[in-house]
Structure formats: structure tokens, C-alpha cells
Amino acid sequence: MSIPISSSNKSKILVSGGTGYLGKHVVGASVSSGHPTFVFTRPATPHTPPSNVHLRDEFRSLGVTLIEVSLFLSLKILHKCYNLSSIFSLHMTNRK
Ligand SMILES: NC(=O)c1ccc[n+]([C@@H]2O[C@H](COP(=O)([O-])OP(=O)(O)OC[C@H]3O[C@@H](n4cnc5c(N)ncnc54)[C@H](OP(=O)(O)O)[C@@H]3O)[C@@H](O)[C@H]2O)c1
């Protein structure tokens with residue numbers, strides 16, 4: 001007998017970059033399929049485009065959980081926690 005890890009039989013999906021051009025379609029597909037959906041995105045700032053802010057609101061209204069954390073801040077924390085010498089990050093960002 002397996003031990004359930006969630007009350008839902010749907011798998012939980014996290015989309016990193018879910019507010020992006022491609023990612024929003026992945027989020028839409030995940031939500032439409034009934035998966036508990038999480039989006040990893042940077043905290044909004046005064047420079048965040050209104051379209052991005054609107055999309056976050058739309059996601060929240062659909063029940064999406066937004067995890068608003070900078071990937072680079074996360075890497076800095078990992079750097080400290082694991083006493084790493086170097087990190088090679090190959091993500092792309094286009095925020096001005
Ligand atoms: N679009 C294309 O035709 C295409 C073609 C080939 C390959 N790709 C690749 O597919 C990927 C996605 O493309 P896209 O066009 O959808 O990009 P995009 O519209 O620029 O979206 C980028 C996403 O990454 C998030 N992001 C950026 N920096 C972040 C950080 N430091 N921490 C957390 N989240 C961060 C952004 O979230 P926030 O701004 O909300 O924080 C946004 O959701 C890219 O790697 C791109 O090179 C795209």
C-alpha cells in the first residue's frame with residue numbers, strides 16, 4: 001500500500017518562468033488539466049511591466065500559487081549554505 005503525499009490525485013506542477021511568453025501557456029495547460037500549479041517568478045517591482053502584474057493577478061484568480069523569489073537570490077543563499085566556490089548559472093533573463 002502506498003502512502004498518499006497529497007489529498008489530490010493530480011500531480012503538483014511548478015513552472016519556473018511561468019509568467020513568460022512560453023511559460024504562461026504551460027501554466028494554462030497545467031491549470032486546465034486540474035493540476036495544483038505553482039509559478040516561480042521574481043518579486044514584482046515598480047519596474048515590472050503591467051502585463052506581467054496583470055498575468056500574476058489572473059494566475060491567482062485561477063488558484064495558481066505564486067512563489068515570488070529571485071532565482072539569483074536563491075543561488076546566493078545556496079552559495080552560502082553549501083559553501084560553494086563557484087556557481088555556473090545558465091538561465092536567461094531579459095528583464096531590464
Ligand atoms: N520564445 C521563444 O520563441 C523561445 C525559443 C527558443 C527558446 N526559448 C527559451 O525558452 C525560455 C523561455 O522563453 P520566453 O520567451 O518564454 O522568455 P520570457 O518571456 O522572457 O520569460 C522569462 C521568464 O523567466 C522568468 N525569470 C527571468 N529571470 C528570473 C529570475 N532571476 N528568477 C526567477 N524567474 C525569472 C520571468 O519571470 P518574471 O519576469 O515574472 O520574474 C519570465 O517568466 C528562455 O530560456 C528562452 O531562451 C524561447
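**A β-α-β-α-β-α chain seen from V64**

V64 sits in the loop that links α2 to β3, where helices (H or I, at least four residues) and strands (E, at least two) are DSSP runs numbered from the N terminus. The structure is a predicted model, in which local features need pLDDT of at least 70, side-chain atom pairs count only at pLDDT 80 or more, and totals for chains, interfaces and linings use all residues. Residue numbers start from 1 along each chain as its sequence is written.

The protein chain holds three helices and three strands, arranged from the N terminus in the order β-α-β-α-β-α. Mean pLDDT (the predictor's confidence in each residue, from 0 to 100) is 86 for the protein chain, and 84% of the residues reach at least 70. Among the elements, α2 has the highest mean, 97, and α3 the lowest, 86. Residues 1-5 have pLDDT below 50, and this stretch makes zero contacts in the model beyond near neighbours in sequence; a contact requires C-beta atoms, placed from the backbone, to lie within 7 Å. Of the contacts between residues at least 6 apart in sequence, 51% join residues at least 24 apart.

The strands come next. β1 (residues 13-16) and β2 run parallel and are joined by four bridges; strands count as paired if DSSP finds at least two bridges between them. Within this pairing, I13 stands opposite T37 of β2. The chain passes from β1 through helix α1 (residues 23-32) to β2 in a right-handed β-α-β crossover, meaning that, with the strands pointing away from the viewer, the path from the first strand over the helix to the second runs clockwise. β2 also pairs in the parallel sense with β3 (residues 65-68), again over four bridges, and T41 has E68 as its bridge partner in β3. A right-handed β-α-β unit is likewise formed by β2, α2 and β3. On β2 (residues 37-41), T37, V39 and T41 make up the covered face, while F38 and F40 lie on the uncovered one.

Burial is judged from C-beta atoms placed from the backbone: a residue is buried if 20 or more others lie within 10 Å of its own, exposed if 12 or fewer, and partly exposed in between. Buried residues account for 11% of the 96 residues. V64 counts as buried because 21 C-beta neighbours lie inside 10 Å. Apart from neighbours within four places in sequence, V64 contacts V27, V31, T37, V39 and F59. V64 and L14, 50 residues apart in sequence, have C-alpha atoms 9.8 Å apart. The largest nonpolar core (buried Ala, Val, Leu, Ile, Met, Phe, Trp, Tyr and Cys residues joined through C-beta atoms within 7 Å) has six residues, namely V15, V27, V39, L55, F59 and V64. F59 touches V27, V39, V64 and L66, not counting residues up to four places away in sequence.

Helix α2 (residues 50-61) has 12 residues and an expected span of 16 Å at 1.5 Å a residue, which agrees with the 17 Å between its end C-alpha atoms; the expectation is 1.5 Å times one less than the number of residues. Just after α2, G63 adopts a positive phi of about 90°. Helix α3 (residues 71-81) lies largely in the open, because zero of its 11 residues are buried. N83 belongs to the segment after α3 and has a positive phi near 50°, in a residue other than glycine. Most residues other than glycine have a negative phi. N83 is exposed, with 6 other C-beta atoms within 10 Å.

Key
Two residues are in contact if their C-beta atoms, placed from the backbone, lie within 7 Å.
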